[in-house]
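Let's take a relaxed walk through a protein model, one region at a time. Keep the 3D view open and turn it as you read.

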Amino acid sequence: MARTIDATHNAAREHANAEQSLGVIHCFHCQQPVPRGVSLSVEISGSEQPMCCYGCHSVASTIVDQGLTHFYKYRETKPGELPLIPEELLALDADLVRYDDPDIQREFVYADGSAQTATLAIEGMTCAACAWLIERQLQHLQGIRKVVVNSATERVQVEWDAEQTRLSDVLRAIHQVGYKALPFQQADLEASFEKKRRGYIRRLGVAGIASMQTMMVAFGLYFDDIDDTTRLYFWWLSLLFTAPVIVYSCQPFFVNAIKALRSRTLNMDVPVALAMFVAFVASFYATVTDTGDVYYECVTMFAFFLLSGRFLEMQARHKAVANAANLMKLIPAIAERQAENDWQQVMVKYLEPGDVIRVRPGDTIPADGELLDTQAWCDEALLTGESRPVQKQQFETLYAGSINQDSPIMLRITATRQNTLLSGIIAMQDSALEQKPKFVRFADVVSRYFVAATLIISTLTLVSWYFIDPSKAFWVTLAVLVATCPCALSLAAPTAMSGAVSRLNRAGILIKHAVLLEALPKIKTMCVDKTGTLTKGKFSIVAHHIHARTDESAVFTIAASMESYSEHPLAKPFQRLAATEPVSDVTNAMGAGIAGTYNKQPYRMGSLAFIQELHPNFAPQLSKANVFLANDEQVLAEWQVDDEVRKDAQQTIAWYQQRGIDIVMLTGDSALRAEKLAAELGIHDVRSGLKPQDKLLHLQQIQTNGPVMMVGDGLNDGPVLAGADGSVTFASGSDLAQSGSDVVILTGELAGLRRLYETALLTRKVIRQNFTWALGYNLVILPMAVTGHVGPLWAMLGMSMSSLIVMANSLRLMRDVD
């Protein structure tokens, strides 16, 4: 390959020399000949430079606009030459191109037409400055629609136009700024974490052993009566122990600092690396020349403290984001798929919609599908947090991650891989973690400028102490560099957000837009829909009464059999009461009921008026009964069938009202039904008979008094949910993907609104505490370090403890909820 490249370059040089002799004009950007008749140019560094085409003209203009003209200054190619590409870069490029294969992308890319979205795992990212650099790099790439980088999870979510750019281009752009990026796979999270954890342990071990040895040697150097030969021997011994720490243990800090400086930005590893490098170089010089002082124990202890803090931070961050990966671990790798005459075992990733699979009792369902058997009992605790098994009827959807509790069942696959409910839940968690509310963006900006301020203050400190007491100048400057590293500040908000999202997910509450956690404590009014929100949105039997001398099971069988011939919505709950039997001479009376002959005896079932045609003097025992069953002799039973109110609706409404939040019902239902439910739940402001656009107008009117949160069913409340300052829906299955709300509650309980509000308040409290501690610590330690009252060792300990306190405080959000 090297010979081929060299031959190509030689030929290019000969061709370039020939062109120069003919007076050919070359494009300043690509350095290819400019075609005749083309008169395009771009002003670069004060001079107009020729361009060969509109493509080069556009790219060169972008380079100038972004202030990157140094690209032209330092490039090494001449007109007509092809840039020499190292073999390792060619190999890397070939590896990245593989990810453009559609079959490979099916595992991790979500496609919606030409718009494609993927989550990438980033190696080497340590702080908010790294995230900013990657985000800036990708935003300059053509076809990129959205970039969200999260330093806490070390991931980036990218959305691009497949017609303008490729995934390999995105990966290559990240590699160009010094970071390794690969498609994020939940299954690989644990392996990646374990690899990183072992690396930290090895580096910690080296730094720990070295710090103990150098501290022992330093203790011996404290004695004044030590002779020069012994002192120099101890210095060389300390150098022997410190060298592996600098070369191996401190490698991540130096690498990340160099990346930042090459990209003309600053991260929190810059002052850290500078402090350790300067201290080691000064000590090495003193050892070689046998003059001055050494600081080997400071270097090793600093490395040990800093690595310890980073290790504990990594553990805490992993705990906050590993829940989704643990969900994916429970999905089986093998499924039983129906073949022509038998069942065959296949990899789950090869299942396709339409396949029929069999799931044995106790096994986890591998993909979303509709139930083909009559009924099934499933444990959906993994998805919704509901501990009790859920009964599923024929043709209902069962979800990947649920556990079959009863007999073997058969499913017809409806969704696989990225399209399952479980994948949707995980994607929502990732999306929430990767978003940046205002306080997170504030922390990113402050920490980035704080590093610059630290370097400036350190320089001024060095100059000042050089005139005050030159012997202390180096010690004091080193203490300033170490003590004021903004590690705690950069961790203050992202770690708290990760803990809050994880806490809510475990309670069956999915955050789609993390900004709601910032907005929720400011809410003044909560608007609620009626059907599907305060009620369950489907008819059910609320109460029933069986008249004397009637067998209940026989009545249920008759009712189920009669209503199996009806299409009325009120008939649905009865069809699940019992097994049905044939009914003859069936007659449907529109809006009244159904009549038929069961077991050679006539029955009718329906409204009170329909029954009173047979029994005029009948009076119901249940005041709210609306469905009755009777034969020619007597009325057998009566039922109250209604849209059942959620059991915790009244308590949740009262809880919000106690906190000064106004409750408004916005519903399309009739005034009579709305007022009746509002009176039952204690809601005083009711606005009924509203169309979706009417709800939005009322919401906008209410917003004049302050921020509003809307709670709706997510199906016909789209406009009002989008217009609210915060929105919540109750959804599951396909509704999850359709919902445009900020939060989706999977448990079906209004108590989730209470947990959401409490978590938002706690998150705000924790973030404020973190900021107060991080900023307060730096404001206190900085003057003490500048004035020489804090030595480097205490500065190292203080900086590490500051970060650990912030992490420990954020971990409070990880505690299990009731």
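## Cysteines on the inside

Start with Cys378, which counts as buried because its relative accessibility is 0%. Keep in mind that you're looking at a predicted model. Cys298 has a relative accessibility of 2%, so Cys298 counts as buried too; the cut-off for that word is under 20%.

How many disulfides does the structure hold? Zero.

## A nonpolar patch on the surface

Now go to the outside. Leu274, Phe277, Val278 and Val281 form a nonpolar patch on the surface, and together they have about 310 Å² of accessible area. One of them, Val281, lies in helix 11, which covers residues 269-289.

Is Val281 exposed or only partly exposed? Val281 counts as partly exposed because its relative accessibility is 38%, and that label is for values between the 20% limit for buried and the 50% limit for exposed. Here's a handy bit of background for looking at helices: residues three or four places apart point the same way, because an α-helix has 3.6 residues a turn.

## A strand that is largely enclosed

Next, find strand 6, residues 155-161. Six of its seven residues are buried, so strand 6 is largely enclosed by the rest of the structure.

Which strands pair with it? Strand 4 (residues 115-123) is joined to strand 6 by seven bridges, and the two run antiparallel. In that pairing, Thr117 stands opposite Glu159 of strand 6. Strand 5 (residues 144-150) also pairs with strand 6 in the antiparallel sense, over six bridges. There, Ile144 has Trp160 of strand 6 as its bridge partner.

## A mostly covered helix

Helix 7 runs over residues 167-176 and is mostly covered, with seven of its 10 residues buried. Which ones are buried? They are Leu167, Ser168, Asp169, Val170, Leu171, Ala173 and Ile174.

After helix 7 comes Gly178, which has a positive phi near 95°.

## A six-stranded sheet

Further along the chain there's an open sheet of six strands, paired antiparallel in the order 19-24-23-22-21-20. Its edge strands are strand 19 (535-546) and strand 20 (584-589), and each of these pairs on one side only. On average, neighbouring strands in this sheet are turned by 15° against each other, if you ignore direction.

Take a look at one edge. Strand 19 is joined to strand 24 (residues 635-645) by eight bridges, with the two strands running antiparallel. Across that pairing, Phe539 stands opposite Asp643 in strand 24.

## Two loops with positive phi

Let's finish with a pair of loop residues. Phe395 sits in the loop between strand 13 (390-393) and strand 14 (397-398). Its phi is positive, about 75°, although Phe395 is not a glycine. Is Phe395 buried or exposed? With a relative accessible area of 52%, Phe395 is exposed, since the cut-off for that label is over 50%.

Asn599 is found in the loop between strand 21 (593-598) and strand 22 (601-606). This residue is not a glycine either, and its phi has a positive value near 55°. Asn599 has a relative accessible area of 66%, so Asn599 is exposed. Strands 21 and 22 also appear in the order of the six-stranded sheet, so try tracing that sheet once more in the 3D view.

Technical notes: Residues numbered from 1 in each chain as written. Predicted model: local features only at pLDDT ≥ 70, side-chain atom pairs only at ≥ 80, totals over all residues. Heavy atoms only, no water. Disulfide = S-S within 2.5 Å. Buried < 20%, exposed > 50% of the residue type's maximum accessible area, 1.4 Å probe, protein only. Patch = residues over 30% accessible without salt bridge, like charges linked within 9 Å, V, L, I, M, F, W, Y side chains within 5 Å. Areas by Shrake-Rupley, 256 points an atom, 1.4 Å probe, with all protein chains shown as cover. Salt bridge = Lys/Arg side-chain N within 4 Å of Asp/Glu carboxyl O. Helix = DSSP H or I, 4+ residues; strand = E, 2+ residues; numbered from the N terminus. Pairing = 2+ DSSP bridges. Axes fitted to C-alpha atoms, helices over the stretch in contact; angles between N-to-C directions.
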